[in-house]
Amino acid sequence: MASYHPATVDLLAPEVRRDPYPYFAWLRAEAPALWSPALNAFLVSRYEDVAAIMRDPATFSSIAMRRSAPGRDPADRGGHSVITSDPPEHTRLRRILQDEFRMRPLRELEPRIRELVAALGARLEGERAFDLVRDFTIPLPVTVIAELLDIEQARQEDFKRWSDCLIKILNDREGPEWLQARAGVYEVIAFFGAELDARSANFAGRRDILAVLLAAEAEGRIDRREMVAYAILLLTGGNETTTNLLGGMTLALLEHRDQLALLE
């Protein structure tokens with residue numbers, strides 16, 4: 001196992017970003033609660049510890065994430081997002097879409113996702129070489145999230161760009177690229193605000209996620225700022241995590257051919 005110096009090696013360091021898995025393994029084994037000056041937070045890497053923290057919002061408040069975000073007023077204790085709020089606000093926000101997916105089992109989405117996978121795979125058949133991330137792991141989740149939000153296909157490139165901007169804002173703190181990413185964040189905030197305004201008079205009977213949020217707003221369960229934050233969270237979480245999961249899974253299977261053989 002590689003060794004690291006806790007005072008000098010950081011989660012955001014270029015060498016860690018290129019191959020984070022040895023670093024993650026070192027964290028779990030040697031430094032399960034490591035202070036990160038760059039993040040101004042502890043890195044907690046063991047499942048049991050993370051689970052205990054998530055169950056104790058009184059001690060480990062998610063609101064601190066919002067107060068420490070770049071450009072935020074440290075005195076601002078507003079939640080607005082489900083991941084930067086504590087109960088009971090967190091519970092209220094989580095239940096809005098939790099209830100929706102209980103009423104619409106995820107298996108209802110499977111046929112369309114299989115159709116998208118087949119279409120993307122068909123484009124790659126016969127190619128001598130292709131970029132898995134560019135040609136498959138990026139467009140698949142972008143398309144699924146866009147359809148769940150009922151956003152026109154022409155905006156899917158914007159979805160990916162905005163998702164990248166949001167991740168850049170979280171991972172960096174300054175510089176020209178950070179400023180450009182911040183401008184992209186303002187764009188996506190304005191986009192979802194305009195979409196919600198345009199649909200606010202005609203959402204009855206629709207099942208896309210923005211319609212679900214508008215219905216919750218009509219019932220007094222959520223306000224407009226929280227709705228925009230929710231949409232942005234779904235955009236970022238749905239795209240970034242799935243893209244990396246598919247890419248990491250493929251790499252792991254190629255490095256462990258015995259496991260790949262089990263799928264054949």
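Mentor: Let's start with a term: a polar contact here is a pair of N or O atoms within 3.5 Å, one able to donate a hydrogen and the other to accept it. Keep in mind that this is a predicted model.

Trainee: So what makes the pairing of Asp-208 and Leu-210 a polar contact?

Mentor: A side-chain oxygen of Asp-208 comes to within 3.2 Å of the backbone nitrogen of Leu-210, at the start of helix 11. The cut-off is 3.5 Å, so the pair passes.

Trainee: Staying there, why is helix 11 described as largely enclosed by the rest of the structure?

Mentor: Count the buried residues: seven of the 10 in helix 11 qualify, so the description fits. They are Ile-209, Leu-210, Ala-211, Val-212, Leu-213, Leu-214 and Ala-216. After the helix comes Gly-220, with a positive phi near 80 degrees.

Trainee: How do you know whether Ile-209 is buried or exposed?

Mentor: Its relative accessibility is 4%. Buried means under 20%, so Ile-209 counts as buried. The C-alpha atom of Ile-209 is 10.0 Å from that of Ala-146, although the two are 63 residues apart along the chain.

Trainee: What about Glu-226, buried or exposed?

Mentor: Buried again: Glu-226 has a relative accessible area of 9%, and the limit is 20%. Glu-226 sits in helix 12. Beyond residues up to four places away in sequence, Glu-226 touches His-80, Arg-92 and Leu-93.

Trainee: On to the rings. How many aromatic pairs are there?

Mentor: The count is eight aromatic pairs. Take Tyr-23 and Trp-26: their ring centres are 5.9 Å apart and their planes are at 20 degrees, so this pair is stacked.

Trainee: Which cut-offs decide that?

Mentor: Centres have to lie within 6.5 Å, and planes under 30 degrees apart count as stacked. Both residues belong to helix 2, three residues apart, about one turn of the helix. Tyr-23 and Trp-26 are both buried.

Trainee: And why is the Trp-162 and Phe-191 pair called tilted?

Mentor: Their centres are 5.1 Å apart and their planes are at 45 degrees, so the pair is tilted. That angle falls between the 30 degrees for stacked and the 60 for edge-to-face. The pair links distant parts of the chain, with Trp-162 in helix 9, Phe-191 in helix 10 and their positions 29 residues apart.

Trainee: How do you know if Trp-162 is buried or exposed?

Mentor: Trp-162 has a relative accessible area of 2%, which is under 20%, so it is buried. Phe-191, at 9%, is buried by that rule too. Ring pairs also join Phe-159, Trp-162, Phe-191 and Phe-192 into a cluster.

Trainee: Which residues touch the most other members of the largest nonpolar core?

Mentor: Leu-149, Phe-159, Phe-192, Leu-210, Leu-213 and Ile-222, out of 43 residues. Among the helices that each supply at least two residues of this core are helix 9, helix 10, helix 11 and helix 12. There is a second, separate core of eight residues, including Tyr-23, Ala-31, Leu-34 and Leu-43.

Trainee: And which residues does Phe-159 contact, leaving aside its neighbours within four places?

Mentor: Phe-159 is in contact with Val-142, Ile-145, Ala-146, Leu-149, Ile-151, Phe-191, Phe-192, Leu-235 and Asn-239.

Trainee: And across the protein, what share of residues is buried?

Mentor: Of the 264 residues, 34% count as buried. The protein has 13 helices and two strands.

Definitions and conventions:
Residues numbered from 1 in each chain as written. Predicted model: local features only at pLDDT ≥ 70, side-chain atom pairs only at ≥ 80, totals over all residues. Heavy atoms only, no water. Core = buried A, V, L, I, M, F, W, Y, C linked by side-chain atoms within 4.5 Å. Buried < 20%, exposed > 50% of the residue type's maximum accessible area, 1.4 Å probe, protein only. Helix = DSSP H or I, 4+ residues; strand = E, 2+ residues; numbered from the N terminus. Contact = heavy atoms within 4.5 Å. Phe/Tyr/Trp six-rings, centres within 6.5 Å; stacked < 30°, edge-to-face > 60°.
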